[in-house]
Amino acid sequence: MKRLGNFELPDFCNYPPYFTIIFSLQFATREVQVRLWKELILAYCRSQRIYIVSFEQDFPSFSNPAIGRSLSREAKEVFLSALVTEGEWEYLNSVPGHAEWMDGNCYKCLILWLTIQDWANCLKENGLGSTMPVEDIRSGFDTRGTELAGIDSIVLMRALRLLEQKGKAAIFKVNDCEGIKFCV
Amino acid sequence: MSAAAADWLPSASVTASGRPVLSAGEVERNLLPLVDLEPEENPRLAPLRGCLLALTSHRLIFLHEPSRSARGLPLATVVHAYPPHRRHSHNPLRSIFSSSSSSSSSQHHRIRLQISMPPARSEVVAIVVTCKADVDVFFGRLLEAIRARAWEMTPAAAPVSSATVAEGAAPAEDIAIRMPVVGVSGILRMEQESWESAGQNLQDAFQDLNALMSKAKEMMQLAEKMRLKLLTNSSTEPNSNDEEMGSKQDMQDLLLSVGIVAPVTKETAGALYHQQLSLQLADFLRIPLEKAGGMMALVDVYCLFNRARGTELISPEDLLQACLLWEKVDVPVMLRKFDSGVKVIQTKTHSDEEVFARISSLAQKPDALQKGISPSDAAFTLGIAPALAKEHLLNAENKGLLCRDVSPDGFRFFINLFNEIDAQNIYTQKPHGLYHAWISVAMAYQC
């Protein structure tokens, strides 16, 4: 299998041991496997604009029907946790990471192929109008064709709040509709 | 001091592990771990010191273990054997316990033998038993062997291929008395003799028994006191001087001979039985190990060894003890335990690296790159048992040579490509090397 939709799969996706989690005793090899999966998950999500990975739904890159292999539930958790944990460590150092569990049971994972900070920078640099409804950022004319188009609302709100904290914007509400005012 | 000095005795050949080589039909009957052989009358005959004495149906073999040389005294030359003799000390305690086995440095059993060495020369030699052993049993066996005259019988038609098989066979029950029996009076005489000796034995036994019974209670109390004394002594004074340790050891041995388990056991080299067994096993395994490629599972060895022994089978525990004793002797085999718990016996020359190299090259063949290798594939190619092949594959995985692939199809191993992939650039590939080779093979099968 070379492509998933318009996403080109790297060659190692056809290597059967890729889908069998390596024992942590084989330290060096295991590290490589984890990194490859982290890269693959982020790259795929970015290309397909997937923000949430949930175990209740299929996530295509977790399996390769051409060689008849797929990740076990345990393996999926391990690799996603690797993305999350990396973020946790970095969070302690005030550097945000690439994934977060959305619930206590580790069923749903929020994938941040751009970190919240990155999104915030993106919003700032996009030269949007000084005041606009939040919904417009997601689906409006101005952002069509940019990274921001179709951004997940949870992610968007967090990025906006971050900007608010830094004093670069202000969120307000008008008649059940949220808007954002960018400061210069 | 090697056995070579005693050149008045014919020499005996010894196997690579230091066990005596037995001729066809020769069977081992008894062993004494440590003896000296002293010629009593002729000062020109050199003595033998510190030898293992193996009594066989044909000879008395004196084996000097450090130099792995041996001398054999044919039983045919023994004219008369005197019963074991020992000077008794004045210690009443020792004399009570002395009936079976104890001995100390001042009083060793001496078994005198009158032998006739060619050319027609009569000598008297003494076997001095310097270790703790059941000398009476040994002497009994010696008399039986002399009486049986096994060396006069023609050798069996079926050739005996190795000494180990001969020793493993049950002792032949041909201790038939071969004295000339002349007519009815001869038979009557024999009957008379056997009755008398039986009567005498019975009397002796009862005498001992009566004496013992009357003292039994006191004996037990005394023994218990001694045991406690030993226990407290050894725990409070770990660094006592040699003399004390020596007498304590004697005391422990005395207790042991009465059947009381020693309260403190030091690490020993193992009973004589296990020592000899381990040497015998090492000899036996030389050929099967070669055929199996240098490594065999312990369970396979158990089956093979017991089958060769025929009767007098050994228990799994005995086998394990024998293998553990190899650490203390110089034999070309060793016991090895894999991470998974599987125990194997391998030759010391066996090299893991060589096996890894063979596995590695097997895993890089086009078929294996595409589909991986299973334990049975490896077993077939390496020429070893599948269980061992799996151990080798797991070992190679631990070393980072292979990666496992678990799927509904089963358990397979692939060559480890992870080290070849650059995690920073997941789409790049070098134009050569293992990853490239794999891609060209694997992709050829993709549509």
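Me: Why is B:R149 called partly exposed?

Reply: B:R149 has a relative accessible area of 33%. Buried means under 20%, exposed means over 50%, and partly exposed is in between, using a 1.4 Å probe and protein chains only. Since 33% lies in between, B:R149 counts as partly exposed.

Me: Before we go on, what sort of model is this, and how is it numbered?

Reply: This is a predicted model, where local features need pLDDT of at least 70 and side-chain atom pairs count only at pLDDT 80 or more, while totals for chains, interfaces and linings use all residues. Residues are numbered from 1 along each chain as its sequence is written, chains are lettered from A and ligands numbered from 1 in the order in which they are written, and side-chain values use heavy atoms, leaving out hydrogens and water.

Me: What makes the contact between B:E152 and B:R149 a salt bridge?

Reply: A salt bridge is a side-chain nitrogen of Lys or Arg within 4 Å of a carboxyl oxygen of Asp or Glu. The closest N and O atoms of B:E152 and B:R149 are 2.8 Å apart, so the pair qualifies. B:E152 itself is exposed, because its relative accessible area is 51%. As for B:R149, this residue sits in the loop between α2 (135-148) and α3 (163-168) of chain B, and its phi is near 50°, a positive value in a residue other than glycine.

Me: Where else does the salt-bridge rule apply, and how many does it give?

Reply: The count comes to 14 over all chains. One of them joins B:R404 to B:E397 at 2.9 Å, N to O, and both of these residues are buried. Salt bridges that share partners also link B:D36, B:E38, B:E40, B:R49, B:R110 and B:R112 into one network.

Me: How do you know that A:R73 and A:E77 are about one helical turn apart?

Reply: The two are four residues apart in helix α2 (residues 73-92) of chain A, which means a separation of about one helical turn. An α-helix has 3.6 residues a turn, so residues three or four places apart point the same way. A:R73 and A:E77 form a salt bridge, with their closest N and O atoms 3.1 Å apart. A:R73 is partly exposed at 37% relative accessibility, and A:E77 is partly exposed at 29%.

Me: Why is strand β6 of chain B said to pair with β7 of chain B?

Reply: Helices (H or I, at least four residues) and strands (E, at least two) are DSSP runs, numbered from the N terminus. Two strands pair if DSSP finds at least two bridges between them. β6(B) (residues 78-81) and β7(B) (residues 109-117) have three bridges and are antiparallel, so they pass. B:A81 stands opposite B:L113 in β7(B). β7(B) also pairs with β8(B) (residues 121-129), antiparallel, over nine bridges, and B:S116 has B:S122 in β8(B) as its bridge partner.

Me: What makes β5 of chain B largely enclosed by the rest of the structure?

Reply: Five of its six residues are buried, so the strand is largely enclosed. β5(B) has antiparallel partners: six bridges join it to β4(B), and two join it to β1(B) (residues 11-12). In the hairpin of β4(B) and β5(B), with four residues between the strands, B:R68 takes a positive phi near 50°. B:R68 is partly exposed, with a relative accessible area of 33%.

Me: How do you know that the length of helix α6 of chain B agrees with expectation?

Reply: The expected span is 1.5 Å times one less than the number of residues. For the 20 residues of α6(B) (residues 272-291) that gives 28 Å, and the end C-alpha atoms are 30 Å apart, which agrees. Just after α6(B), B:G293 takes a positive phi of about 85°.

Me: How many disulfides are there, and what would count as one?

Reply: A disulfide is a pair of cysteine sulfur atoms within 2.5 Å, and the structure holds zero over all chains. Among the cysteines, A:C13 counts as buried at 3% relative accessibility, and B:C131 counts as buried at 11%.
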